[in-house]
Amino acid sequence: MPEGIGDFVRALPKAELHVHIEGTLEPELMFALAARNQVELPYASVGDARRAYEFSDLQSFLDILYQGAAVLQTEEDFSDLMSAYLRRAAADGVTRAEIFFDPQTHLSRGVAFATFMAGFLSAQRKFAGEVDSALILCFLRHLPEEDALRTLDLAEPHLDQILAVGLDSSEVGFPPEMFKSAFARARSMGLRTVAHAGEEGPPEYVWQALDLLGAERIDHGVRSLEDPDLVKRLRDEQTPITVCPLSNERLQVVPSLDRHPLPRMLELGLNVSINSDDPAYFGGYVGDNYVQVAEALKLSRDQLATVARNSLASALTR
Ligand code: HPA
Ligand code: ZN
């Protein structure tokens with residue numbers, strides 16, 4: 001019997017380079033942590049939560065994402081969250097994971113930097129034999145740059161546990177140029193750099209991420225296709241682009257999965273990988289993203305293997 005597409009995808013060694021740990025919080029764990037920490041949830045049940053996950057754009061999702069994160073309070077909570085993700089990633093054939101976390105989301109609720117870092121580390125150690133993992137500190141771009149700089153100060157004692165900085169949250173109206181100093185400072189501290197750009201924002205934001213922030217990888221980047229000069233730059237430099245198909249479908253960045261530009265990006269010779277972004281909210285982990293995009297867009301197994309190879313080659317090392 002021919003091997004099914006799911007088995008083929010699981011067997012491909014791959015890196016996941018675009019996943020937000022807060023976006024891996026499944027409703028079941030959210031309810032368990034809400035009970036443990038006596039936090040009220042706006043949902044009556046797990047099913048009710050899942051039904052509320054209907055998004056019209058990035059902002060409608062971020063509102064729900066940040067609300068869910070309120071149940072995360074203790075070191076054990078962050079460890080349980082990270083363990084659940086790494087277990088799931090290992091089952092999908094992920095051998096390397098570079099995982100975003102949003103310190104400002106937790107600091108603003110009174111959770112100490114040391115609390116989430118200790119929770120992440122214990123889970124990362126527990127799964128080190130299965131998934132080699134690293135953390136990327138993301139700045140929330142809807143907050144002022146001074147806040148990002150203060151976050152870097154708080155990160156200083158934890159630098160041995162942080163690989164890179166990134167930029168996430170609401171994109172339009174918050175261009176990368178607003179975070180030049182924070183990225184320059186991060187680079188001077190020995191951190192690598194990536195940035196979300198070209199998800200809802202225009203190609204100009206991708207240029208800025210490259211030229212003003214020194215971003216070594218572009219997260220999403222799908223709107224780059226609107227600018228042929230930018231496509232040429234990304235192709236010539238083989239800049240890694242972390243594409244998240246189910247996220248793009250759910251946040252209506254693309255009208256439907258079968259119209260996703262991933263095949264065009266591959267044909268153009270861009271260095272693209274497939275990633276899950278916020279799998280608990282978008283209906284699939286990285287393996288599901290590979291399988292669903294392959295089925296919707298008739299990608300060949302050779303193309304899927306190319307994407308998996310791209311992902312491993314695009315991992316950052318320090
Ligand atoms: N874009 C911006 N910020 C985010 C995302 C995203 O896709 N997911 C979680 N935070
Ligand atoms: Zn993202």
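Helices (H or I, at least four residues) and strands (E, at least two) are taken as DSSP runs and numbered from the N terminus. The exercises below concern a predicted model.

**Exercise 1. Locate Gln-252 and Gln-238 relative to the helices and strands, and state the backbone feature and the exposure of each residue.**

Solution.
Step 1. Gln-252 belongs to the loop that runs between helix H12 (245-250) and helix H13 (262-267).
Step 2. Its phi is positive, about 60 degrees, although Gln-252 is not a glycine.
Step 3. The relative accessible area of Gln-252 is 52%; exposed means over 50%, so this residue is exposed.
Step 4. Gln-238 lies in the loop between helix H11 (228-237) and strand E7 (240-243).
Step 5. Gln-238 is likewise a residue other than glycine with a positive phi, near 50 degrees.
Step 6. With 37% relative accessibility, Gln-238 counts as partly exposed.

**Exercise 2. Identify the protein donors of the zinc ion (ligand 2) and classify their arrangement.**

Solution.
Step 1. The donors are His-18 (NE2), His-20 (NE2), His-196 (NE2) and Asp-277 (OD), at 2.0 to 2.2 Å from the zinc ion.
Step 2. Along the chain, these donors follow the spacing H-x1-H-x175-H-x80-D.
Step 3. The 4 donor atoms subtend angles of 82 to 174 degrees at the zinc ion. Four donors count as tetrahedral if all angles lie between 85 and 135 degrees. The range of 82 to 174 degrees does not meet this condition, and the arrangement is therefore irregular.
Step 4. As for burial, His-18 has 0% relative accessibility and counts as buried. His-20, at 5%, also counts as buried.

**Exercise 3. Describe how H8 packs with H9, and how H2 lies relative to H5.**

Solution.
Step 1. Two packed helices are described by the angle between their axes and the distance between the axes.
Step 2. For helix H8 (residues 145-155) and helix H9 (residues 180-188), the angle is about 15 degrees and the axes are 8 Å apart.
Step 3. Angles under 35 degrees count as roughly parallel, so H8 and H9 are roughly parallel to each other. The crossing in which H8 passes H9 is right-handed.
Step 4. On the H8 side, Glu-145, Ala-148, Leu-149, Leu-152 and Asp-153 take part in the contact; they meet Lys-180, Ser-181, Ala-182, Arg-185 and Ala-186 of H9.
Step 5. Helix H2 (residues 27-37) and helix H5 (residues 75-91) cross at roughly 170 degrees, and their axes come within 11 Å. H2 is therefore roughly antiparallel to H5.
Step 6. Here Leu-29, Leu-33, Arg-36 and Asn-37 from H2 meet Glu-76, Asp-77, Asp-80 and Leu-81 from H5.

**Exercise 4. Characterise the surroundings of Arg-96 and of Arg-235.**

Solution.
Step 1. Arg-96 is part of strand E2 (residues 94-101). At 12% relative accessibility, Arg-96 counts as buried.
Step 2. Although Arg-96 and Ala-15 are 81 residues apart along the chain, their C-alpha atoms are separated by 4.6 Å.
Step 3. Leaving aside neighbours within four places in sequence, the contacts of Arg-96 include Lys-14, Ala-15, Glu-16, Val-131, Asp-132, Leu-163 and Leu-316.
Step 4. Arg-235 is found in helix H11. Its relative accessible area is 32%, and Arg-235 is partly exposed.
Step 5. Between the C-alpha atoms of Arg-235 and Leu-268, 33 residues apart along the chain, the separation is 7.5 Å.
Step 6. Not counting residues up to four places away in sequence, Arg-235 touches Leu-268, Gly-269 and Leu-270.

Conventions: Residues numbered from 1 in each chain as written. Chains lettered and ligands numbered in written order. Predicted model: local features only at pLDDT ≥ 70, side-chain atom pairs only at ≥ 80, totals over all residues. Heavy atoms only, no water. Donors = N, O, S within 2.8 Å, 3.2 Å for Na, K, Ca; no water. Tetrahedral: all angles 85-135°; square planar, octahedral: opposite > 155°, others 65-115°. Buried < 20%, exposed > 50% of the residue type's maximum accessible area, 1.4 Å probe, protein only. Axes fitted to C-alpha atoms, helices over the stretch in contact; angles between N-to-C directions. Parallel < 35°, antiparallel > 145°, perpendicular 65-115°, else oblique. Left-handed = near helix turned anticlockwise from the far one by under 90°. Contact = heavy atoms within 4.5 Å.
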